[in-house]
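Here is a short report on one protein chain. Please look over its sequence and fold before reading on.

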Amino acid sequence: MKKITVIVLAIFFALILSACAKQEKAVDIIEFISGTYSHRNFTAGNVSDEAIQKILTAGHQAASAGNQQHWHFTVIRNKELIDDIMQNVDEGNVLIVGLGPNESRFPQDIVVFDNALAMQNMFLAAQSLGLGTRMYMRPLENLNANLLSRLNAPENHRAIIILRIGQIADDVDAVTQPSPRHPLETRINFIE
């Protein structure tokens, strides 16, 4: 009987320790997210292939509607193509273009939503690796109208969002630091 009690107590304490570790991990994630922001102060410098692979894996692990995974990622390192898509991108920065099927059989709001979830994962993964990130939508019109064929995209796909990844300066200035948030209580309501 003592042996069973000891085993039960050991399992009980293991569960408590596991729950505490999960609680601590959750706090760390919330603190990390609170410290992220869209960078403006990029610098020249290459982003490693290993980092890009980790970032893409994080994007691919995103949730998606009905697990359809309505995304295709195009990684662009070619400086000439990058310059045709956007201006003032530092040498060594990488663009990841999230594309989705542009067909009537796929609701476009779901395609956009799936890409947004994947890009947010990549945004956070890149920042966890000490890289700068910023998402863009403004260049999409030109990209879809004039440059899509240069992306070797799957047939009937369109660009949904662009993620820029690059090295960042160690010092943070007033332009690149996190923007102040509106007070949370002004952005939520509860219905009970």
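The report goes from the overall fold to the sheet, then to the salt bridges and a few single residues.

## Overall fold

This is a predicted model. The protein chain has five helices and five strands. Along the sequence they follow the pattern α-β-α-β-α-β-α-β-α-β. Of its 192 residues, 34% count as buried. The accessible surface comes to about 12,500 Å², and 56% of that belongs to carbon and sulfur atoms. Contacts at a separation of 6 or more are dominated by distant pairs: 76% of them join residues 24 or more positions apart.

## Strand 5 and its partners

Strand 5 covers residues 157-168. It is mostly covered, with nine of its twelve residues buried. Three pairings involve this strand, and each is taken in turn below.

Strand 3 (residues 94-101) runs antiparallel to strand 5, and eight bridges join them. Within this pairing, Gly98 stands opposite Ile161.

Strand 4 also pairs with strand 5 in the antiparallel sense, over five bridges. Thr133 stands opposite Ile165. The bridge partner of Tyr136 is Ile162. Strand 4 spans residues 132-136, and four of its five residues are buried, so the rest of the structure largely encloses it.

Strand 1 is made of residues 42-43 and pairs with strand 5 in the antiparallel sense over two bridges. Here Phe42 has Ile168 as its bridge partner.

One general point helps when reading these strands. In a regular strand, side chains alternate between the two faces of the sheet.

## Salt bridges

Side chains of opposite charge can pair when their charged atoms come close. The count in this model is five salt bridges. The table gives three of the pairs.

| Pair | Closest N to O distance |
|---|---|
| Asp49 and Arg77 | 2.9 Å |
| Arg150 and Asp84 | 2.6 Å |
| Asp90 and Arg164 | 3.2 Å |

Take the salt bridge of Asp49 with Arg77. It links distant parts of the chain: Asp49 is in helix 2, Arg77 is in the loop between strand 2 and helix 3 (79-85), and 28 residues separate them. Asp49 is exposed, at 59% relative accessible area. Arg77 is partly exposed, at 36%.

Next comes the salt bridge of Arg150 with Asp84. Arg150 sits in the loop between helix 5 (140-147) and strand 5, while Asp84 is in helix 3, 66 residues apart. Arg150 counts as partly exposed at 35% relative accessibility. Asp84 counts as partly exposed at 35%.

The third pair is Asp90 with Arg164. Asp90 lies in the loop between helix 3 and strand 3, and Arg164 lies in strand 5, so the pair ties together parts 74 residues apart in sequence. Why does Asp90 count as partly exposed? Its relative accessible area is 26%, and the partly exposed class lies between 20% and 50%. Arg164 is buried, with a relative accessible area of 5%.

## Helix 1 and helix 4

Ile29, Phe32 and Ile33 make a nonpolar surface patch of about 240 Å². Ile33 has its place in helix 1 (residues 2-34). It is partly exposed, at 41% relative accessible area.

Phe32 also appears among the contacts of Gln127. Gln127 lies in helix 4 (residues 108-128) and is buried, with a relative accessible area of 11%. Leaving aside neighbours within four places in sequence, Gln127 is in contact with Phe32, Thr36, Tyr37, His39 and Thr133. Thr133 is the residue that stands opposite Ile165 in strand 5.

## Ser64 and Lys54

Is Ser64 buried or exposed? At 17% relative accessibility, it counts as buried. Ser64 lies in the loop between helix 2 (49-60) and strand 2 (72-76). Its side chain reaches the backbone nitrogen of Gln68 at 3.3 Å. Not counting residues up to four places away in sequence, Ser64 touches Gln69, Trp71 and Asp114. The C-alpha atoms of Ser64 and Phe113 are 7.9 Å apart, with their positions 49 residues apart in sequence.

Lys54 is found in helix 2. It counts as partly exposed, at 46% relative accessibility. Its C-alpha atom is separated by 8.3 Å from that of Ala126, which is 72 residues away along the chain.

Terms used
Residues are numbered from 1 along each chain as its sequence is written. This is a predicted model: local features need pLDDT of at least 70, side-chain atom pairs count only at pLDDT 80 or more; totals for chains, interfaces and linings use all residues. Side-chain values use heavy atoms; hydrogens and water are left out. Patches are made of residues with over 30% relative accessible area and no salt bridge: like charges are joined within 9 Å, nonpolar side chains (Val, Leu, Ile, Met, Phe, Trp, Tyr) within 5 Å. Accessible areas come from the Shrake-Rupley method with a 1.4 Å probe; for residues, only the protein chains shown count as cover. A salt bridge is a side-chain nitrogen of Lys or Arg within 4 Å of a carboxyl oxygen of Asp or Glu. Buried means under 20% relative accessible area, exposed over 50%, partly exposed in between (1.4 Å probe, protein chains only). Contact means heavy atoms within 4.5 Å. A polar contact is a pair of N or O atoms within 3.5 Å; within protein, one must be able to donate a hydrogen and the other to accept it, and residues adjacent in sequence count only if both atoms are side-chain atoms. Two strands pair if DSSP finds at least two bridges between them.
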